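I pulled up a new model today and kept notes as I went. Have a look at it first, then follow along with my entries.

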Amino acid sequence: MRCFIAIELNDAVRHILADLIRELATFKAPIKWVEPENLHLTVKFLGSIPDDQVSPLSEQLTCLSRSFQPFTFSVTGTGSFPNWERPRVLWVGATEEETFRRLHREVEDVTVAFGVDREGRPFHPHITLGRVRELRGLPPVIDALRRLQDRSFGFVIADHLTLFESRLSSSGPTYRIVSQHPFASRGGIASDRWDTVA
């Protein structure tokens, strides 16, 4: 299973970002925009995980999640990886970076035991809006995003981690929730949603 661990967004923020994507898409630049239902904040991309390792991994994520309290973050600002001059990934940012870095660090401590490599660069919490296919025609999009570097797009209460499966197809990825792992104040339940592993 091709998996990643993420923080889900609420409907209000998702709708705001979907409107932003629709507005940016009018420039007709060569960008693969993220479908609104797929918007999320990735904590850790895992790659391929053997089916028989998914349940043990989920159990470890449950233990990890109990050490965190729910927190609120603002979806704020815009940016591009690696930079604005040669953009490959367009994104909006998130506050509470220290909390996210701790979360990312502890997730890495868990997932390295399942053969997942640690990141070779600092973690920067963000929500991907689109991936640039080529640089032609980008300036209007970049100009529009740079004018929004101080804009807030709403707030999210992060109260659980979600393990997703990503299924790739010619029409784009689809994401399936494998398990959800509540933070401490939601009662320390092992998981309030499980889907059967195919």
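Below are my notes, one topic per entry.

**Ground rules.** I am working with a predicted model, where local features need pLDDT of at least 70, side-chain atom pairs count only at pLDDT 80 or more, and totals for chains, interfaces and linings use all residues. I number residues from 1 along each chain as its sequence is written, and the side-chain values use heavy atoms, with hydrogens and water left out.

**Helix H1.** I started with H1, residues 11-25; helices here are DSSP runs of H or I with at least four residues, strands are runs of E with at least two, and both are numbered from the N terminus. H1 has 15 residues and reaches 21 Å from its first C-alpha to its last. That is close to the 21 Å expected at 1.5 Å a residue, the expected span being 1.5 Å times one less than the number of residues.

Which residues of H1 are buried? I found Val-13, Arg-14, Leu-17, Ala-18, Leu-20, Ile-21 and Leu-24, where buried means under 20% relative accessible area, exposed means over 50%, and partly exposed is in between (1.4 Å probe, protein chains only). Seen down the axis of H1, these buried residues fall within an arc of 160°, so they line one face of the helix; the arc is that of the directions from the helix axis to the C-beta atoms. On the other side of H1, I noted Asp-11, His-15, Arg-22 and Glu-23 as exposed.

I then looked up what the buried residues of H1 pack against, and the partners include strands S2 (31-33), S4 (71-81) and S5 (89-94), as well as helix H4 (139-146). Contact means heavy atoms within 4.5 Å.

**The open sheet.** Next I traced an open sheet of 5 strands, in the order S2-S6-S5-S4-S7, with antiparallel pairing. Two strands pair if DSSP finds at least two bridges between them. S2 and S7 are the edge strands, each pairing on one side only. The twist averages 30° from one strand to the next; axes are lines fitted to C-alpha atoms, for helices over the stretch in contact, and angles run from 0 to 180 degrees between N-to-C directions.

I checked one pair in detail: S4 and S7 run antiparallel and are joined by 5 bridges. The bridge partner of Thr-72 in S7 is Ile-157.

**Helix H4.** H4 lies across S2, S4, S5 and S6, and runs at about 5° to S5. I picked out Asp-143 in this helix; Asp-143 counts as partly exposed at 41% relative accessibility. The C-alpha atoms of Asp-143 and Ala-6 are separated by 29 Å, with these positions 137 residues apart along the chain counted as their spacing.

**Backbone oddities.** A reminder to myself: most residues other than glycine have a negative phi, and most peptide bonds are trans. Where is the cis peptide bond? I found it joining Phe-81 and Pro-82, with omega about -5°. Pro-82 sits in the loop between S4 and S5.

Lys-28 has a positive phi of about 60° although it is not a glycine. Lys-28 belongs to the loop between H1 and S2, and is exposed, with a relative accessible area of 71%. Glu-96 also caught my eye, with a positive phi near 60°. Glu-96 is in the loop between S5 and helix H3 (97-111), and counts as partly exposed at 37% relative accessibility.

**Cysteines.** How many disulfides does the structure hold? I counted 0, a disulfide being a pair of cysteine sulfur atoms within 2.5 Å. The sulfur of Cys-3 is 18 Å from the closest cysteine sulfur, in Cys-63, which is too far for a bond. Cys-3 is buried at 1% relative accessibility, whereas Cys-63 is partly exposed at 48%.

**Strands S8 and S9.** I closed with S9 (residues 174-182), where 7 of the 9 residues are buried, so S9 is largely enclosed by the rest of the structure. S8 (residues 160-167) is joined to S9 by 8 bridges, and the two run antiparallel. Leu-163 stands opposite Ser-179 in S9. The hairpin of S8 and S9 has 6 residues between the strands, and there Gly-172 takes a positive phi near 120°.

My last stop was Ser-166 in S8, which is buried with a relative accessible area of 7%. Leaving aside neighbours within four places in sequence, Ser-166 is in contact with Arg-2, Phe-4, Pro-173, Thr-174 and Tyr-175.
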